[in-house]
Amino acid sequence: MICLGIEGTAHSIGVGIIQERKGTCQVLSNKIKTYQPEKGGIHPREAANHHAAKIAGLIHESVRVTTIDFSDIDLISFSQGPGLGPCLRTAATAARALALTIEKPLIGVNHCVAHLEIGRGTVRECTDPVLLYVSGANTQVIAFAEKKYRVFGETLDIGIGNCLDKFGRALGLEFPCGPKIEQLAAKGSQYLPLPYSIKGMDIAFSGLLTASENYVKKGKNLEDVCFSMQETTFAMLTEVTERAMAHTEKQEVLLGGGVASNKRLREMVQTMALNRGAKFFVPTRDLCIDNGAMIAWLGLLMYQSGCRMSIDNSLINQRFRTDMVEVTWRD
Ligand code: AMP
Ligand code: MG
C-alpha cells in the first residue's frame, strides 16, 4: 500500500510518500519547505500563504522523485492537528482536493502521534518507546499505555524550541535560533543558576527565559548564558522523561521534533537511558522535523486498521490532543 501524506501544522509544509511492504515502512520521498519570517516569530496567515504557494509544486516534486505515478497512490493523509489554524486549513484543503482528484480515500492524523509512529516505523529495534517530543511549539513526553498514547508530561507555557527562538530573537539572531544557541553553548563553561521549573510531571520555561535575558542585559558572557540555558532546560526534559520511563517500565526512549537535532540534548537523554539499561533512538533529521512522511505512515497504519474518514468529517482541530486518538493499529 502507498500513502501520500501532507504536513502543515506550523512553519513547514511537507509532502511525503510511504510504501508499506509486509509491515515495514519505506520512505519513497519526503519533501519539505519552511516559511522564514522576515522578522519576528511565525505569523500564521503568512505561513499559510507560503504553504498555499508551495504545496502544488511539492506534491508534484515528491511524486516525480519516485518511480511511482499518481495512479499508484492508494491513500491521502494530512495533519489534522494540533497546530496553527490557517496552516492546518491550507494543508487539509490541498489533501481534500488531491483525494477527490485522484479518487482515493482521505484520512486526517494527529501530528504528535505521527512523530512517535515514524520512529517505530523506521528505526530498527524501536518498538515501544517513551517519546520525548521537542519542537518549536510542542514539548511533550508521550508513551503508549492502556490502549492510548498518553501525555505523561508537557510544557505548561511555551515549547522548548520557542524558548530558544525567543531568547535568540532578543539577541538579534535569525530564526531558527536553536542551532546558533547550540554553537554558542558549546563554547560556554561557567554555569549561571537558572530557574529549574518542574511541577509534577510538567515543565515551565518562561521564568528561565526571562532570567536568561536578564543575564544578557547585565553583561554576562553570552556563551555562558547559552550553556546554562541548555544545561537547565535539557536536564528538566531528561528528568521528566526518566520518570515517565520508570512509571511505565518502558525500556526505550525516542527523540522527535526539531530540537532533537541538538547534540547536548541527545547526549543527556542517551546517558540517562544507558544508566537505566534502556535503549536510545533518534530518527534521521528529515524524519525528526515536521515532515509529510510521518503523516503518510500514520495515515497508512490507521487506514489498514480500519479507520475511515469522509470529506465532511475531515475538519481540522487546532487543539487535537494526543490522547484523543483511538489507537486501532496496536495492542
Ligand atoms: P520543529 O517545530 O519540530 O520543526 O522544530 C523547530 C525548532 O527546533 C526551532 O525552534 C529550532 O530553533 C529548533 N532547533 C533546530 N535545531 C536545533 C538545535 N540544533 N538545537 C536546538 N534547537 C534546535
Ligand atoms: Mg512537530
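Helices (H or I, at least four residues) and strands (E, at least two) are DSSP runs, numbered from the N terminus. I work from a predicted model, in which local features need pLDDT of at least 70 and side-chain atom pairs count only at pLDDT 80 or more, while totals for chains, interfaces and linings use all residues. Residues are numbered from 1 along each chain as its sequence is written, chains are lettered from A and ligands numbered from 1 in the order in which they are written, and side-chain values use heavy atoms, with hydrogens and water left out.

**Entry 1: the sheet with β1 to β5**

I looked up the strand order and found an open sheet of 5 strands, β3-β2-β1-β4-β5, with mixed pairing. Two strands count as paired if DSSP finds at least two bridges between them. β3 (24-34) and β5 (106-110) each have a single partner strand, so one side of each is left without a neighbour in the sheet. From one strand to the next the twist averages 25°. Axes here are lines fitted to C-alpha atoms, for helices over the stretch in contact, and angles run from 0 to 180 degrees between N-to-C directions.

I then followed β2 (residues 12-21), which runs antiparallel to β3 and is joined to it by 10 bridges. Gly 14 stands opposite Ile 32 in β3. In the loop between β2 and β3 I found Lys 22, which is not a glycine yet has a positive phi of about 50°. I noted this since most residues other than glycine have a negative phi. Lys 22 is exposed, with a relative accessible area of 87%; exposed means over 50%, buried under 20%, and partly exposed in between (1.4 Å probe, protein chains only).

Which helices lie across this sheet? Helix α1 (residues 44-64) lies across β1 (2-7), β2 and β3, at about 30° to β2. Helix α3 lies across β1, β2, β3, β4 (75-81) and β5, at about 95° to β5. Contact means heavy atoms within 4.5 Å.

**Entry 2: the sheet with β6 to β12**

I found another open sheet of 5 strands, ordered β8-β7-β6-β11-β12, again with mixed pairing. Its edge strands are β8 and β12 (279-281), each pairing on one side only. The twist averages 25° from one strand to the next. α3 packs on this sheet as well, touching β6, β7, β8 and β11 (252-256), and its direction makes about 125° with that of β6. Helix α8 (residues 263-275) touches β6, β11 and β12, its direction making about 160° with that of β12.

I checked the pairs inside the sheet. β6 and β7 are antiparallel over 4 bridges, and Val 134 has Thr 139 of β7 as its bridge partner. Strand β7 (residues 139-145) and strand β8 (residues 148-154) are also antiparallel, with 6 bridges; Val 141 stands opposite Gly 153 in β8. Their hairpin has 2 residues between the strands, and Glu 146 there takes a positive phi near 50°.

**Entry 3: the magnesium ion**

Which protein atoms hold the magnesium ion (ligand 2) as donors? I list His 111 (NE2), His 115 (NE2), Tyr 133 (OH) and Asp 290 (OD), lying 2.0 to 2.3 Å from the ion. Along the chain these donors follow the spacing H-x3-H-x17-Y-x156-D. His 111 in helix α3 (residues 111-122) and Tyr 133 in strand β6 (residues 130-134) are 22 residues apart, a pair that links distant parts of the chain. Both His 111 and Tyr 133 are buried. Donors are N, O and S atoms within 2.8 Å of the metal (3.2 Å for Na, K and Ca); water is not among the atoms, so sites may look incomplete.

**Entry 4: helix α6**

I compared the length of α6 (residues 206-217) with its expected span, which is 1.5 Å times one less than its number of residues. For 12 residues that is 16 Å, and the end C-alpha atoms are 17 Å apart, which agrees. Which residues of α6 are buried? They are Leu 208, Leu 209, Ser 212 and Tyr 215. These residues fall within an arc of 120° seen down the helix axis, so they line one face of α6; the arc is that of the directions from the helix axis to the C-beta atoms. They pack against α4 (160-170) and α7 (222-248). Gly 219 follows α6, with a positive phi near 85°.

**Entry 5: backbone exceptions**

I found a cis peptide bond between Gly 81 and Pro 82, with omega about -5°. Pro 82 sits in the loop between β4 and α2 (85-102). The bond from Phe 175 to Pro 176 is cis too, with omega near -5°, and Pro 176 is in the loop between α4 and α5 (178-187).

Glu 125, in the loop between α3 and β6, has a positive phi of about 80° without being a glycine. Glu 125 is partly exposed, at a relative accessible area of 44%.
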